[in-house]
Amino acid sequence: MGLNRRYAPLIGTIRNELQTNKIPAVYDYIANAGYIPPEHWTQDESKGGGRIIGEAVHFIDTIQYLDGSEIREIKVSFAANPAYPKRDNALITVRFQSGAAATIIYTSMGSKKYPKEQLRVFSNGAVYEMDNYVGLRKYGSSKKSEIKLKQDKGFAGEYQYIYDVLKGTKENESIHDALAAHRLLLEAVRND
């Protein structure tokens, strides 16, 4: 998986500067996804798999891109709260062939005032903290720096990539990783 423009710029910066595809890291992703009523179509596990299968898998894909190796294991633990009856509050753990490890907190229980997505990457004496795809704080051994951007989750680049694959001008290099991640996540959800 090479660094390309189909990923969000801040994700590319993290991978490039921390060399996470060469040096195993520890990842912590928080998705403060917000409450969606139980009758909403995204909550219907028979139609789209529910929110964990339909949305949380994208955070696994992001971390796998950063790491650059195959996923060895995914485990899912769902929170039990009668006020939130659907399975959209979970802790997901991922282990990679490289030795890297990740946790993903996916929750509908949080405040809308709190950022929707945060990613912290711990690697080689540094911590990079991405905030909602608009900011990146970098903590090194002797200094701290910060980048601010207009929010860019990489959608335009992804659509261009899909178009290029369909046109035959690019090869879909990551389809096997995406299918494997979905399969492992489906198995983990069934086993909880």
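**Exercise 1. Locate asparagine 132 and state what its backbone shows.**

Step 1. Asparagine 132 is found in the loop between strand E6 (126–131) and strand E7 (135–139). Strands here are DSSP runs of E with at least two residues, helices are runs of H or I with at least four, and both are numbered from the N terminus.

Step 2. The phi of asparagine 132 is positive, about 60°, although the residue is not a glycine.

Step 3. The model is predicted, so local features need pLDDT of at least 70 and side-chain atom pairs count only at pLDDT 80 or more, while totals for chains, interfaces and linings use all residues. Residues are numbered from 1 along each chain as its sequence is written, and side-chain values use heavy atoms, with hydrogens and water left out.

**Exercise 2. Describe the position, phi and accessibility of glutamine 19.**

Step 1. Glutamine 19 lies in the loop between helix H1 (9–18) and E1.

Step 2. Its phi is near 50°, a positive value in a residue other than glycine.

Step 3. Glutamine 19 counts as partly exposed because its relative accessibility is 35%. The classes are buried under 20% relative accessible area, exposed over 50% and partly exposed in between, with a 1.4 Å probe and protein chains only.

**Exercise 3. Work out how strand E5 is paired and covered.**

Step 1. Strand E5 covers residues 117–123, and 6 of its 7 residues are buried.

Step 2. E1 and E5 run antiparallel and are joined by 6 bridges. Strands pair if DSSP finds at least two bridges between them. In this pairing, alanine 31 stands opposite glutamate 117 in E5.

Step 3. E5 also pairs with E6 in the antiparallel sense, over 6 bridges. Here arginine 120 stands opposite glutamate 129 in E6.

Step 4. The hairpin of E5 and E6 has 2 residues between the strands, and asparagine 124 takes a positive phi near 50° in this hairpin.

**Exercise 4. Follow the aromatic pairs through phenylalanine 59.**

Step 1. The structure holds 2 aromatic pairs. Rings of Phe, Tyr and Trp (its six-membered ring) pair if their centres lie within 6.5 Å; planes under 30 degrees apart count as stacked, over 60 as edge-to-face and the rest as tilted.

Step 2. The pair of tyrosine 29 and phenylalanine 59 is tilted, because the planes stand at 35°, with the ring centres 4.6 Å apart. This pair links distant parts of the chain: tyrosine 29 belongs to strand E1 (residues 26–32) and phenylalanine 59 to helix H3 (residues 50–67), 30 residues apart.

Step 3. Tyrosine 29 has 0% relative accessibility and therefore counts as buried. Phenylalanine 59 is buried as well, at a relative accessible area of 10%.

Step 4. Phenylalanine 59 also forms a tilted pair with tyrosine 106, at 6.3 Å centre to centre and 40° between the planes. Tyrosine 106 lies in strand E4 (residues 101–107) and phenylalanine 59 in helix H3, so this pair ties together parts that are 47 residues apart in sequence. Tyrosine 106 is buried, as is phenylalanine 59.

Step 5. Taken together, the ring pairs link Tyr29, Phe59 and Tyr106 into a cluster.

**Exercise 5. Examine salt bridges, among them that of arginine 51.**

Step 1. The whole structure contains 8 salt bridges. The criterion is a side-chain nitrogen of Lys or Arg within 4 Å of a carboxyl oxygen of Asp or Glu.

Step 2. Arginine 51 and aspartate 88 form one of them, at 3.1 Å from N to O. Arginine 51 is in helix H3 and aspartate 88 is in the loop between strand E2 (71–78) and strand E3 (90–96), so the pair ties together parts that are 37 residues apart in sequence. Both arginine 51 and aspartate 88 are buried.

Step 3. Glutamate 129 and arginine 120 meet in a salt bridge at 3.8 Å, N to O, and both are buried. A network of salt bridges links Asp28, Arg120, Glu129 and Arg137.

Step 4. Lysine 75 and glutamate 73 meet at 3.9 Å, N to O. Lysine 75 counts as partly exposed because its relative accessibility is 48%, and glutamate 73 is partly exposed, with a relative accessible area of 28%.
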